[in-house]
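User: Please take a close look at one part of this model, the start of the chain and the sheet that follows, and then carry the description on to the loops beyond. I would like one connected account that I can read alongside the coordinates.

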Amino acid sequence: PEDSDYITLYLGINDSHHEHGKGGDGEDPHGIIPLGTITDETVHTYYGAWNSVLSWLIVNRPFAHIGILVSNGCDREAYRTAQIEIARKYGIPYIDMNGDRHTPVMIRSQNPDISPEVKHMVMLKQAVNYPSNTHPNDAAHEFESYFIEDFLRRI
């Protein structure tokens, strides 16, 4: 709505699956979505789609509090990095669901600063049924919700 007070964006998991033209999660992988560059203006790249959405929001919802949840389910670190770069480009606050100095590591982290052993331990306790189903289990959703709520209070 035009009078939106808060807008949070949590994008990228499925886009990253399409970058390599692979699926594996029941999703049709044939519509390849390349990463692109931070200056892209086309909706046919990951960066370009972000630029399109954020430019529109800033122009059309200038007083809304916008925040980005950096996705922790992307296939590669490049997608995590892209989300952080885009947030910084537009001066939009973000929370990195992959673990950083403000947030603990959560399921499916792509943060290269987190050790593989720690990532594996987190997957074991937070996945629905590791390794066959790496979606977050109920406890993982609850754990994430505390940090998301705190983030929302700050934007």
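Analyst: In this predicted model, the side chain of Ser-4 reaches the backbone oxygen of Pro-1 at 2.7 Å. Ser-4 sits in the segment before strand 1, and it counts as buried because its relative accessible area is 18%, where the cut-off for that label is under 20%. Although Ser-4 and Pro-62 are 58 residues apart along the chain, their C-alpha atoms are separated by 9.7 Å.

The segment that holds Ser-4 comes before strand 1, and strand 1 belongs to an open sheet of three strands, which has the order 1-2-3 and parallel pairing. The edges of this sheet are formed by strand 1, residues 6–9, and strand 3, residues 94–96, each of which pairs on one side only. From one strand to the next, the twist averages 15°. Strand 1 pairs with strand 2, residues 65–70, in the parallel sense, and four bridges make up this pairing; Thr-8, for instance, has Gly-67 in strand 2 as its bridge partner. Helix 2, which covers residues 46–60, packs on the sheet and touches both strand 1 and strand 2, with a direction that makes about 175° with that of strand 1.

Beyond the sheet, the loop between strand 3 and helix 4 (116–126) contains Asn-111, which counts as buried because its relative accessibility is 2%. The side chain of Asn-111 reaches the backbone oxygen of Gly-99 at 2.4 Å. With its neighbours within four places in sequence left aside, Asn-111 is in contact with Glu-77, Arg-80, Asn-98, Gly-99, Asp-100 and Lys-119.

Arg-108 also lies in the loop between strand 3 and helix 4, and its backbone deserves a separate look. Most residues other than glycine have a negative phi, and most peptide bonds are trans. Arg-108, which is a residue other than glycine, has a positive phi near 60°. The peptide bond that joins Tyr-130 and Pro-131 is cis, with omega at about 5°, and Pro-131 is found in the loop between strand 4 (127–129) and strand 5 (133–136).

Terms used:
Residues numbered from 1 in each chain as written. Predicted model: local features only at pLDDT ≥ 70, side-chain atom pairs only at ≥ 80, totals over all residues. Heavy atoms only, no water. Pairing = 2+ DSSP bridges. Helix = DSSP H or I, 4+ residues; strand = E, 2+ residues; numbered from the N terminus. Axes fitted to C-alpha atoms, helices over the stretch in contact; angles between N-to-C directions. Contact = heavy atoms within 4.5 Å. Buried < 20%, exposed > 50% of the residue type's maximum accessible area, 1.4 Å probe, protein only. Polar contact = N/O pair within 3.5 Å; in protein donor to acceptor, adjacent residues only side chain to side chain.
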